[in-house]
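Work through the exercises below with the sequence and the model open side by side. Each task is followed by a solution in steps.

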Amino acid sequence: MKIKLLLAILSISAAVLSCKEKNVDPATDTETNQWIYENMKYWYYWNDNMTTKPDYSKEPASFFESLLYRYDAALRPDGDRFSWIQESAEELEASLGGQSKASGMEYKLTYFPTGSQNVIGVVLYVLPDSPAAKAGFKRGDIFSSVSGQKLTGSNYSKLLNSQERLTYTLATINAEGTLTEGTTTRDITPVVLQEDPVFFDTTYNIGTNKIGYVVYHQFIPEPYQTNNKQYDKKLDDIFNSFKNANVNALIVDLRYNPGGYVSSATNLGSLIAKATANDVFYYKEYNTEVTETNMKKYGESYFYDKFASKSQNIGSQLDNVVFLVSSRSASASELLINGLKPYMNVTLVGGKTVGKNVGSVTLTDPKKKVKWGLQPIVSKSLNKDKKSDYNVGFTPDIVANEGNILYPYGNPKDPLLSEALFKITGTRVTRQLKNARTLQEEDSQEITSTIQRKAGGSNMFYDK
């Protein structure tokens with residue numbers, strides 16, 4: 001059985017690549033549950049807390065849940081917050097490669113105005129050539145009705161998930177903070193999309209500062225089912241241009257990045273770090289059984305990754321490294337930050353990150369008899385100094401909130417980018433930061449975002 005581990009700061013995941021078999025009779029619930037228990041007993045980080053008398057008569061999802069050492073603030077503060085099971089293993093494997101059926105626009109849902117039950121959608125970004133892009137959507141657009149019904153706290157989930165084709169009614173917020181719903185509507189029908197996560201880059205020359213800025217939406221090395229490292233190479237090219245431009249400061253925008261492949265996190269870290277290929281990027285900690293088995297097979301090298309040697313590395317040039325983060329930044333994003341901290345000073349601008357310092361493995365049946373896919377937590381991630389103290393998230397050094405009126409990527413009026421530029425240059429390029437109370441109010445009004453159910457989830461994946 002070949003296992004593809006999907007290491008996450010938030011979820012290390014391992015996918016078992018299956019051999020092709022035809023005309024296989026599906027497993028019964030009992031057989032499925034026996035397969036679940038066997039895998040959990042070996043891989044699960046808290047396997048010593050699992051029941052020794054499982055009830056195999058349960059439906060698979062309930063059976064899986066019965067095995068977990070679930071988090072409880074009072075009783076199990078060290079417990080599991082992130083393990084899950086998915087009914088279709090094939091869909092899970094595709095999503096872990098960054099491919100899913102989608103409209104091509106990511107958005108957040110928030111109550112507006114403050115204190116009401118009215119809900120608006122704010123478009124965070126739109127994939128080029130996607131149905132949303134072809135319909136005319138762009139970052140910063142706002143919609144207040146779907147299929148002719150105004151969004152509220154009680155109906156938004158049903159309306160946005162009720163059918164394939166949706167009609168969105170656009171709205172605007174004026175300078176006084178008043179919402180006006182217009183008459184413009186846009187129709188979108190989702191299709192299967194592959195996201196290019198390397199979304200935007202530019203440079204700024206402000207005084208003596210030459211600043212590189214890159215927006216990175218997910219740690220994915222290449223399109224699903226290819227082996228060409230296309231997206232990693234695109235980042236390499238961007239950093240090569242930063243190097244040739246003699247940048248002395250770097251801003252990496254991870255505000256919408258929920259995770260991805262650890263190989264891509266290692267690649268990006270290797271482009272930034274003031275470190276060598278002999279330096280450890282991160283360690284991973286497993287349960288006793290997994291540790292003993294793999295120590296015998298592979299030795300200590302199984303439990304850490306080192307930086308790669310990259311000719312495009314700009315670490316020696318950098319005086320400032322700033323990450324833009326938010327409540328959507330997770331997993332490999334947090335791994336990158338934690339892994340760089342022992343080697344250089346990094347500044348976080350934005351909101352508190354998710355706090356996934358543990359990883360899961362995605363397991364599928366190689367015989368394809370069991371159709372379910374598992375993603376149990378199996379590991380904890382630590383940096384070179386063996387620190388893993390961000391289980392409740394990284395608190396930003398500079399608090400900033402983008403609000404509901406969004407600016408195009410690269411525009412210094414963007415609150416997060418504005419604060420990053422100010423930190424680097426000491427010059428206020430645009431507007432002042434809002435006061436802390438206003439930021440808290442804005443944060444409290446957000447309900448959810450599509451980033452949270454994005455293809456690949458909040459995972460970090462590595463091949464072993």
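**Exercise 1. The main core**

Which residues have the most contacts inside the largest nonpolar core, and how many residues does this core have?

Solution. Start with the source of the coordinates: this is a predicted model, in which local features need pLDDT of at least 70 and side-chain atom pairs count only at pLDDT 80 or more, while totals for chains, interfaces and linings use all residues. Residues are numbered from 1 along each chain as its sequence is written, and side-chain values use heavy atoms, with hydrogens and water left out.

Step 1. A nonpolar core is a set of buried Ala, Val, Leu, Ile, Met, Phe, Trp, Tyr and Cys residues joined through side-chain atoms within 4.5 Å. Buried means under 20% relative accessible area, exposed over 50%, and partly exposed in between (1.4 Å probe, protein chains only).

Step 2. The largest such core has 39 residues, and F239, L268, I272, F323 and L340 have the most contacts inside it.

Step 3. Two or more residues each come from β13 (209-216), α6 (230-244), β14, α7 (262-272), β16 (280-285), β18 (320-325) and α9 (332-340). These elements are DSSP runs numbered from the N terminus: helices are H or I with at least four residues, strands E with at least two.

Step 4. Take F239 and set aside its neighbours within four places in sequence: its contacts are V214, L250, L268, L271, I272, Q312 and I314. Contact means heavy atoms within 4.5 Å.

**Exercise 2. The second core and A420**

Locate the other core and describe the surroundings of A420.

Solution. Step 1. Apart from the core of 39 residues lies another core, of 30 residues, among them Y125, I142, I211 and A420.

Step 2. A420 belongs to helix α10 (residues 415-425) and counts as buried, at 0% relative accessibility.

Step 3. Not counting residues up to four places away in sequence, A420 touches I251, V322, L324 and V349.

Step 4. A420 and F323 are 97 residues apart along the chain, yet their C-alpha atoms are separated by 8.2 Å.

**Exercise 3. Two helix pairs**

Classify the packing of α6 with α7 and of α1 with α8.

Solution. Step 1. Axes are lines fitted to C-alpha atoms, for helices over the stretch in contact, and angles run from 0 to 180 degrees between N-to-C directions. Angles under 35 degrees count as roughly parallel, over 145 as roughly antiparallel, 65 to 115 as roughly perpendicular and the rest as oblique.

Step 2. The axes of α6 and α7 lie 10 Å apart at an angle of about 10 degrees, so the two helices are roughly parallel. D232, L235, D236 and F239 of α6 meet S264, N267, L268, L271 and I272 of α7.

Step 3. By class, this contact has five nonpolar, two polar and two charged residues. Here Ala, Val, Leu, Ile, Met, Phe, Trp, Tyr, Cys and Pro count as nonpolar, Asp, Glu, Lys and Arg as charged, and the others, Gly among them, as polar.

Step 4. Helix α1 (residues 29-43) and helix α8 (residues 288-298) have axes that come within 6 Å and cross at roughly 75 degrees, which makes α1 roughly perpendicular to α8. The contact is made by K41, Y42 and W43 of α1 and E289, V290, T293 and N294 of α8, giving three nonpolar, two polar and two charged residues.

**Exercise 4. Burial of α9**

How many residues of α9 are buried?

Solution. Step 1. Nine of the nine are buried, so α9 is largely enclosed by the rest of the structure.

Step 2. The buried residues include E334 and N338 as well as L335, L336 and I337.

**Exercise 5. Backbone exceptions**

Find a cis peptide bond and residues with positive phi.

Solution. Step 1. Most residues other than glycine have a negative phi, and most peptide bonds are trans.

Step 2. The bond from F112 to P113 is cis, with omega near 0 degrees; P113 sits in the loop between β5 (105-111) and β6 (119-126).

Step 3. N246, in the loop between α6 and β14, has a positive phi near 60 degrees.

Step 4. Phi of K368 is also positive, near 60 degrees. K368 lies in the loop between β20 (358-360) and β21 (373-375) and is partly exposed, with a relative accessible area of 26%.

**Exercise 6. Confidence**

Where in the protein chain is confidence lowest, and where highest?

Solution. Step 1. pLDDT is the predictor's confidence in each residue, from 0 to 100. Its mean over the protein chain is 89, and 88% of the residues reach 70 or more.

Step 2. The lowest mean, 38, falls in strand β2 (residues 12-17), and the highest, 99, in strand β14 (residues 249-253).

Step 3. pLDDT stays under 50 over residues 1-21 and over residues 435-441. Where pLDDT is low, the predicted coordinates should not be read in detail.
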